[in-house]
Amino acid sequence: MLPSGSWGKRKPQGRWLGWVRSDAPGTMWARPEGVHHPHPHAVVRCPSSSSSSVSCSGDSEEEDMGLLEVGVTDIKPPAPELGPMPDGLSPQQVVRRHILGSIVQSEGSYVESLKRVLQDYRNPLMEMEPKVLSVRKCQVVFFRVKEILHCHSMFQIALSSRVAEWDSTEKIGDLFVASFSKSMVLDVYSDYVNNFTTAMSIIKKACLTKPAFLEFLKRRQVCSPDRVTLYGLMVKPIQRFPQFILLLQDMLKNTPRGHPDRLSLQLALTELETLAEKLNEQKRLADQVAEIQQLTKSVSDRSSLNKLLTSGQRQLLLCETLTETVYGDRGQLIKSKERRVFLLNDMLVCANINFKPANHRGQLEISSLVPLGPKYVVKWNTALPQVQVVEAGQEGGSCDKDNVLIQHAGAKKASASGQAQNKVYFGPPRLFQELQDLQKDLAVVEQITLLVSTLHGTYQNLNMTVAQDWCLALQRLMRVKEEEIHSANKCRLRLLLPGKPDKSGRPISFMVVFITPNPLSKISWVNRLHLAKIGLREENQPGWRCPDEDKKSKAPFWCPTLACCTPAFSSRGLSLQLGALVHSPVSCPLLGFSAVSTSLPQGYLWVGGGQEGAGGQVEIFSLNRPSPRTVKSFPLAAPVLCMEYIPEPEEGESGDRDGDEGHTAADPSAVAHPTICLGLQDGSILVYSSVDTGTQCLATCRSPGLQPVLCLRHSPFHLLAGLQDGTLAAYPRTSGDVPWNLESPPVCLTVGPGPIRTLLSLEDTVWASCGPRVTVLDATSLQTQQSFEAHQDEAVSVTHMVKAGSGVWMAFSSGSSIRLFHTETLEHLQEINIATRTTFLLPGQKHLCVTSLLICQGLLWVGTDQGVIVLLPVPRLEGIPKITGKGMVSLNGHCGPVTFLAVATSILALDILRSDQEEAEEDRPDGQAPEPAPAPPSHVGRELTRKKGILLQYRLRSTAHLPGPLLSVREPVPADSSALEHSEEDGSIYEMADDPDVWVRSRPCARDAHRKEICSVAIISGGQGYRNFGSASGVGGRPAPGETDSTLLIWQVPLTL
């Protein structure tokens, strides 16, 4: 039997920071490996339309919220206990029992912790005479703890009865839904979360000013059986729901389809995820307010910065402790100091971090009981548009640009008195100088090689072999030096900021260099700075609006930012209509380390369309920069109606490919590359290779009966085409350059009498729509499993289907509603009317139709026939993707229907975040063992080693077998059996590094050990023209493409780290 506590240790699949902790003995830990955070109560940022912030006064604890006033000892629920395990249980039933045991155990521990907060801390402090903490402060510190205990005591009673009847019912999901879907639970937890920062600041201040209170906390901690502090107990409510989610995910994973508890568990996951998201967002907003308040305290009341910070118009986008570094003129480190850097929505602020030096020992004691926040002193602040990120090497190799004073617009440096004598560099110019020296040395060695080739005599180590080795070694050194510069950029954030003008009035800029804690942090800063600047453009001020009646809700900071608006086709005069769009990611990164932070997702956009009754057109855009550019355009015989991107097949994806492994290994050309499939109005299906491999048309075929191809989808086994006459054509997968067999007639199934408007490929099924009905087919055999009616009107067709979690959202050919269906039971779960979200933007517009759907990163994008785009939050996990918030409406849209919504994603971190050691290992040929750095026996070599010089990982080919005398200043080696050849340092090149942390092959860095993926995401909408709904003119007061031109709008989403 497995221990019940073991089910908490797993990696979460959602977006929560898994700091789920229970410090009581024997309780479960659910903190995922590799997740670290300086503050255990910190919660990751999550999208939510909720932005309420509760400030509680001392008398507000007993305010009426419809809650029962329950004493701590009034409820004594029976301890839930599972009976003995019955015989004949399946392995999944056994696992479910253990997970239930973990739920019972962790809930019992949680309730006990809440009771300890009240019994060991709140009650004694309220009754203590003389009081060390006033009654009002006690009420603020322990605000809503009694109500939270009441909620979970009720839940524990219900859990006891459910545990008692477990072996007959095996249901737990509905209990979670009933217990935690009440608004009372959200209200109580929201109040607690919003008040948490205030409560901790009161405790911290009391510890610093009242020794009796500090002594009381220390005494209580020492007397407790597990030595958990008051802070450790009070942070548990913030961690509770992520812990529940982990346990229910495990329970769902071990609940088979058709089980009566499965749908309830999925709904419970949805409720808990939604609740956790709202609490996370409120916690983030509370932390943001606290950080800005702490910063404001450090600024004089009369300063302009104070007015800006207290205006309420500032959002804190990013805040982190970075290390500022200053280098001397020879590249040596002069000083470094930690700074707190704040990125607000329109400005950048840098502050010194000051801890009070007085009573240092007492501060250490207090910090062990409650986190102590630092105090800030603002060093500088500057408007965001004036901040520039500068990469080392961007200056064209000139190290003078690293000087502290830099003239704007490429003018020469200001030479004020004293500046020339005391140059101070902010960066590693030494690396660039050494690279240039190596380039010069290589040119000299190449000339020496030419001279060696003219020698008439034959000498053992003065010949062409050795000379060529010298060249190879220098080339390797140059590459290593380039990698050093690259590594220096990984954690080096260099900002060019405006300074005060010099005496002549010329503008001066200065460079500030920060070292970030890790490469992920560097990329995050560059990305957020870039998006914050875009967010200041007119069209993004504001870019989204929440449809609240009070008009006070602001769009949250994570909103997608409109990055660019571009014509879809280069040939303007043809008035081509948009048909479809797909994103083709590149197979290898094309950009440098920081360029990926500002560019759109790397790869290419394929845009297809045409003219009714005329030909078609495909336009290919490159996204490898902040704005797209056309790289290729070609005409087709008929308009493009649909497109599908087919990635490289994964190993074991299709059984048909197993027998071809030997053939594939022998013939590299047989490996399937990514392809793009096009469906045309004349019934043609075209397969193109990606841009990386030349954009060739690999294959073409005609649909049965030359029916227009309305939609294309691929599964591991087939390429599926939905045709105008209701036929589904399936082309089987094959090996080779073309992954589908288009030469043989396809498998044809008649789905219905009308056109197949949309297809959806799920794990083991394919959904096909025909009219108002959806048919579910087996993905392998294409046999019909079942069909259901998605709309009661026979004249309405299902036009769009998108999946998230365990649900599918559908849109229809008429009407403004979208509907949610369960993927397993096909049950209709929710219906949302989009028109209610857009009434404030389109007053009097009663008839609205949904024309496109997309789900990406927990957001449901809805495009309408009026050009308006609506954004609705949906859960991301395995639950039901129900919509609970009001969402947002984009103020940027199209003049006509939104033809399509598409997503472009690329994973950036695989090559970028590799440590140097891993890159060195990959540089070696396959099968070659890593060669140890040779240890020179000579005194010169020992001296090098003492100076922390590292030998280049380069082995000189032996020249002992060559004829001629040995040219060496050393004594000849005795000719005995122990010396088979002369030692390796003859002709080897040593590399010295002044800084032991910047070696030729730097040591594997601990911060790179846990590499994570970085996901870059952009959303593309296509439609007629561009319209800004927030401006009176309709075009945002600036030139826009013509109202009839096909236009692409591209939104960037902050990098997902």
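Ala212 counts as partly exposed, because its relative accessibility is 44%, a value between the 20% and 50% cut-offs. This residue belongs to helix α7, which runs over residues 211-223. Its C-alpha atom is 9.5 Å from that of Lys131, although 81 residues separate Ala212 and Lys131 along the chain. Keep in mind that this is a predicted model.

Next door to Lys131 there's something to look at in the backbone. The peptide bond from Glu129 to Pro130 is cis, with omega near -10 degrees, and Pro130 sits in the loop between α1 (91-127) and α2 (135-141). A cis bond also joins Gln541 to Pro542, again with omega at about -10 degrees. Pro542 is placed in the loop between α15 (519-535) and β9 (544-545).

Why do these spots deserve a second look? Most peptide bonds are trans, and most residues other than glycine have a negative phi. On the phi side, there are two residues to check. Arg227 isn't a glycine, yet its phi is positive, near 60 degrees; you'll find Arg227 in the loop between α7 and α8 (230-234). Leu782 is another non-glycine with a positive phi, about 60 degrees, and its loop lies between β25 (773-778) and β26 (784-789). Leu782 is buried, since its relative accessible area is just 3% and the cut-off for buried is under 20%.

Now for helix α6. Do its ends sit where its residue count says they should? Helix α6 has 27 residues (183-209), which at 1.5 Å a residue should span 39 Å, and its end C-alpha atoms are indeed 39 Å apart, so the two values agree. The helix does have a kink, though: about 45 degrees, centred on Phe196.

The aromatic side chains come next. The model has 21 aromatic pairs, and two of them share Phe176:

| Pair | Geometry | Centre to centre | Angle between planes |
|---|---|---|---|
| Phe176 and Phe180 | tilted | 6.0 Å | 35 degrees |
| Phe176 and Phe244 | edge-to-face | 5.1 Å | 85 degrees |

Phe176 and Phe180 are about one helical turn apart, because they are four residues apart in helix α5 (residues 173-180). Both of these phenylalanines are buried. The pair with Phe244 reaches further along the chain: Phe176 is in α5 and Phe244 is in α9 (residues 236-253), so this contact ties together parts that are 68 residues apart in sequence. Phe176 counts as buried because its relative accessibility is 1%, and Phe244 is buried for the same kind of reason, with a relative accessibility of 1%.

Which residues make up the cluster that ring pairs link together? They are Phe155, Phe176, Phe180, Tyr189, Phe241 and Phe244. Phe244 has a charged partner too: Arg240 lies over the face of its ring, 4.0 Å from the ring centre.

Finally, the cysteines. A disulfide is a covalent bond between the sulfur atoms of two cysteines. How many disulfides does the structure hold? The count is zero. Among the cysteines, Cys138 is buried, with a relative accessible area of 0%. Cys471 is buried as well, because its relative accessible area of 12% falls under the 20% cut-off.

Key:
Residues are numbered from 1 along each chain as its sequence is written. This is a predicted model: local features need pLDDT of at least 70, side-chain atom pairs count only at pLDDT 80 or more; totals for chains, interfaces and linings use all residues. Side-chain values use heavy atoms; hydrogens and water are left out. Helices (H or I, at least four residues) and strands (E, at least two) are DSSP runs, numbered from the N terminus. The expected span of a helix is 1.5 Å times one less than its number of residues. The bend at a residue is the angle between axes fitted to the seven residues ending there and the seven starting there. Rings of Phe, Tyr and Trp (its six-membered ring) pair if their centres lie within 6.5 Å; planes under 30 degrees apart count as stacked, over 60 as edge-to-face and the rest as tilted. Buried means under 20% relative accessible area, exposed over 50%, partly exposed in between (1.4 Å probe, protein chains only). A charge sits over a ring if NZ of Lys or CZ of Arg is within 6 Å of the ring centre and within 35 degrees of the ring normal. A disulfide is a pair of cysteine sulfur atoms within 2.5 Å.
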